[in-house]
Amino acid sequence: MLGKLRPARGDGDSGESRVSRSGRYAECVAVMGLLLMGGWLRVGHFERIAVEHFDEGVYASDALFPRGYPFRHLYAPPLMPLAIRWASRFGPAETFGPSLPNLAASCLTLAVVWSVARCWFGTRSAMAALALATFSQLHAAYSRTALTDAMLLLWLVSSLYFVERLLRRSDVLAIAGLGLTTGLAWWTKYNGWLPLAIAAGSILLLAVFPGARSGTLRRGLGLVAAAICAVILWAPVWWDLPGGYAEVSANHQKYLVGLSGWPRSLQTQIAHLWLFDGAVPIVFALVGGVAPGVVLWRLRKSDNVAQIAPLAVTL
């Protein structure tokens, strides 16, 4: 993606090329400025970071036990505890050391958000997406913890690029990339299989379009291949579970509220988001959910998969 920012080569230095080059430099400066600001909002005053949540304590103290924290597997797969164990060599375990993996992952997430948005929708949309991610207080807050959420988000956002590529081309890179990012997400959190669900939903959505329907079988086979790759990557975690996945699933049942509890949970999530970031992200979430559907409806007779695929993944 960064290669697209380089000035175009040519025999002369026409006015048009100078304007184009100036625009690229301006974009590069703006992107670097937002990335630096986002990094500071997450890493700044790192000496004030401390382990506070119970789950953070589980992951951070896993290295203190010969066989790991008792029943740690009920809380999360092993990637975060392993990352914290490695990162603690570079920072004190009692303060910011356990948060180093998330600090790094969150800064990378900002770059991935910009890159994916620019690839799909162009410069202006990418800058808007990067600005929203940079100044998201919710993301910044979770970035300064030793929880699994910030790292999971990095893998999820990265996987979206490969989902869209799978819809367009279904090549080896798309399959391997989707399998790898899903596997890493699954190693981070037990719902890390979500990229496969997003891909399945996007394939079904594209099957509605007459012009894109002919590639449904190819996309489906590509998704199966990516799922096999993800399962192979996640298999060591499954094999290492003392009581099998049934024990993990039974523990998760305690946190499920069912369909009747969804309205209350949604209300709570909106209230928390409002406290962190105000009305702006809520409004953008609503617009981001409705606008792609409207555009897709207008393009329902189109056979331009490259134009439809990003909207399908976004929706």
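**How the labels on this model are earned**

The protein has 14 helices and zero strands, where helices (H or I, at least four residues) and strands (E, at least two) are DSSP runs numbered from the N terminus. This is a predicted model, in which local features need pLDDT of at least 70 and side-chain atom pairs count only at pLDDT 80 or more, while totals for chains, interfaces and linings use all residues. Residues are numbered from 1 along each chain as its sequence is written, and side-chain values use heavy atoms, with hydrogens and water left out.

Student: Why is the protein called as compact as a globular protein of that length?

Tutor: The radius of gyration, taken over C-alpha atoms, is set against the globule rule of 2.2 Å times the number of residues to the power 0.38. The protein has 21 Å, close to the 20 Å that the rule gives for 315 residues, so it is as compact as a globular protein of that length.

Student: What makes the contact between D62 and R85 a salt bridge?

Tutor: A salt bridge requires a side-chain nitrogen of Lys or Arg within 4 Å of a carboxyl oxygen of Asp or Glu. The side chains of D62 and R85 meet at 3.2 Å, N to O, so the pair satisfies that cut-off. The two lie 23 residues apart and link distant parts of the chain, with D62 in the loop between α2 (54-60) and α3, and R85 in helix α3. A search of the whole structure finds six salt bridges.

Student: Which residues of the second largest pocket are the closest to its centre, and what is its volume?

Tutor: The volume of the second largest pocket is about 310 Å³, counted as the space filled by probe spheres set on grid points joined across faces, edges and corners. Of the 21 residues that line this pocket, the closest to its centre are R67, R72, H73, P78 and D240. The elements giving two or more residues to the lining are α3 (79-87) and α10 (216-239), and α3 supplies the largest share, three residues.

Student: What makes it a pocket?

Tutor: On a 1 Å grid over the protein atoms alone, a pocket is an open set of points with protein on both sides within 12 Å along at least five of seven lines, and lining residues have an atom within 4 Å of a point.

Key: 1 Å grid on protein atoms, 1.4 Å probe; cavity = no way out; pocket = protein on both sides within 12 Å on 5 of 7 lines; lining within 4 Å.
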